[in-house]
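I opened this notebook to keep a record of what I looked up in one structure. The entries run from the whole chain down to single residues.

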Amino acid sequence: WVGGRRDSNPAALYLFLLHVMPPVATPIPLPGSAKLIDVSNQVLLALCVMVPAIARSRLSVKDSGIRGLQAMDKCLLAYGALTSILYVHLLAPDGTFYPFTYTDTLRRALGFLIAVFAPYFVISRMSRNRPFILDSLAAFTLPCVVMAVIGVFEVVKGWLLYEDIPVRWDLASTFTIYLVRGSSLRAMASTGHPLGLGYELAIAFGLWLCLQAYVKSRLTRWAVSLTLLFGLVASYSRGPWACALGIYVIFVFLKPRAVSGFVKSMLGSLLALVVV
């Protein structure tokens, strides 16, 4: 909360701390057996960093020209409304499914507004210039490099480092199961699932392709690239592998005078996809 008030770029702070702990949650209770909302690290960050940032931007003279809801914002809100109504119902102890309730729909809608729409709104509005954008990209990429190292460690040692946290904190979790591909453990670090780790690292790899232009050391550029790639391999998730290849092809295609490079990267990616 203090950091959110003092940081000049709340979006970067949010992205930097997004996976500082695994996705465990505790319910905020209401009278009786009901609950208001499940509070996780993502919800806490949104409430302490992103929601106050929206309030400050409305009061700031510098941000007085911040644009209102656009077509993309309305599409995202419509998606949130849809997923608040249509969702997979939990299995009850007697083998049936818990029925649809209006309170659960409202709870899911509130969670969507806090955990999804508020961060989207801040990041899309407050990335005013290149330094702000680069700061946010770096703030997302750096923890991903750390998670890639953790992922490689988990595969080599066969040990999920964050698996015991929900037990110690007496919280519900969905990632206490060791998932394997063949005989190899699939790493997940603090993301809660191998697919989560894989897609995070695929995105970070794409961001690093942009950020490495600002790094002078060739050794550092190669070290970070290989770390992210080894972390991707450690997730043993084929979807993120294909995603990373697609990101690389698009990056090459968007470079100036990159027709020959694009053809080479496309052929190389097709070959890699066959292997995947």
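The entries below concern a predicted model.

**Entry 1: overall form**

I began with the secondary structure and found eleven helices and four strands in the chain. I then asked how the radius of gyration of the chain stands against the globule rule. The radius is 21 Å and the rule gives 19 Å for 276 residues, which is close, so the chain is as compact as a globular protein of that length. For the extent of the C-alpha trace I noted about 65 × 55 × 35 Å along the principal axes.

**Entry 2: burial, contacts and surface**

I looked up the share of buried residues and recorded 36% of the 276 in the chain. I next took the contacts between residues at least 6 apart in sequence; 66% of them join residues at least 24 apart. The accessible surface of the chain comes to about 16,400 Å². Carbon and sulfur atoms account for 69% of that surface.

I also looked up the charges. The chain has 24 positive and 12 negative ones, and the mean positions of the two sets lie 15 Å apart.

**Entry 3: helix α2**

I turned to helix α2, residues 10-17, and asked how many of its eight residues are buried. The count is six, and I noted the helix as mostly covered. The buried residues in α2 are Pro10, Ala11, Ala12, Leu13, Tyr14 and Leu15.

**Entry 4: the β1 and β2 hairpin**

I followed strand β1 (residues 25-29) to strand β2 (residues 35-40) and found the two antiparallel, joined by five bridges. Ala25 has Ser40 in β2 as its bridge partner. Pro29 stands opposite Lys35, which also belongs to β2. Between the strands of this hairpin there are five residues, and I noted a positive phi near 90° at Gly32.

**Entry 5: helix α5 and the loop that follows**

I located Thr105 in helix α5, which covers residues 102-126. Is Thr105 buried or exposed? Its relative accessible area is 13%, under the 20% cut-off, and Thr105 is therefore buried. Beyond the neighbours within four places in sequence, I found Thr105 in contact with Ser84, Ile85 and Phe100.

I then looked up Ser127, which sits in the loop between α5 and α6 (130-157). With a relative accessible area of 25%, Ser127 is partly exposed. Its contacts, neighbours within four places again left aside, are Phe132 and Ile133. I also checked Ser127 against Thr220, 93 residues away along the chain, and recorded a C-alpha separation of 27 Å.

**Entry 6: two positive phi values outside glycine**

As background, I noted that most residues other than glycine have a negative phi.

Ala189 is not a glycine, yet I recorded a positive phi of about 50° for it. I placed Ala189 in the loop between β4 (184-185) and α8 (194-211). Ala189 counts as buried, because its relative accessibility of 1% is under the 20% cut-off.

Tyr236 is likewise not a glycine and has a positive phi of about 45°. I found Tyr236 in the loop between α9 (218-235) and α10 (238-254). Why does Tyr236 count as partly exposed? Its relative accessibility is 21%, and partly exposed runs from 20% to 50%, so Tyr236 falls in that class.

**Entry 7: Pro240 in helix α10**

My last residue was Pro240, which I located in helix α10. Its relative accessible area is 0%, and Pro240 is buried. Which residues, apart from neighbours within four places in sequence, are in contact with Pro240? I listed Leu195, Gly198, Tyr199, Ala202 and Leu232. I finally looked up the pair Pro240 and Pro194, which are 46 residues apart along the chain, and recorded 9.6 Å between their C-alpha atoms.

Notes
Residues numbered from 1 in each chain as written. Predicted model: local features only at pLDDT ≥ 70, side-chain atom pairs only at ≥ 80, totals over all residues. Heavy atoms only, no water. Rg over C-alpha atoms; globule rule 2.2 N^0.38 Å. Buried < 20%, exposed > 50% of the residue type's maximum accessible area, 1.4 Å probe, protein only. Contact = heavy atoms within 4.5 Å. Areas by Shrake-Rupley, 256 points an atom, 1.4 Å probe, with all protein chains shown as cover. Lys, Arg positive; Asp, Glu negative; His and termini not counted. Charge placed at Lys NZ, Arg CZ, Asp CG, Glu CD. Pairing = 2+ DSSP bridges.
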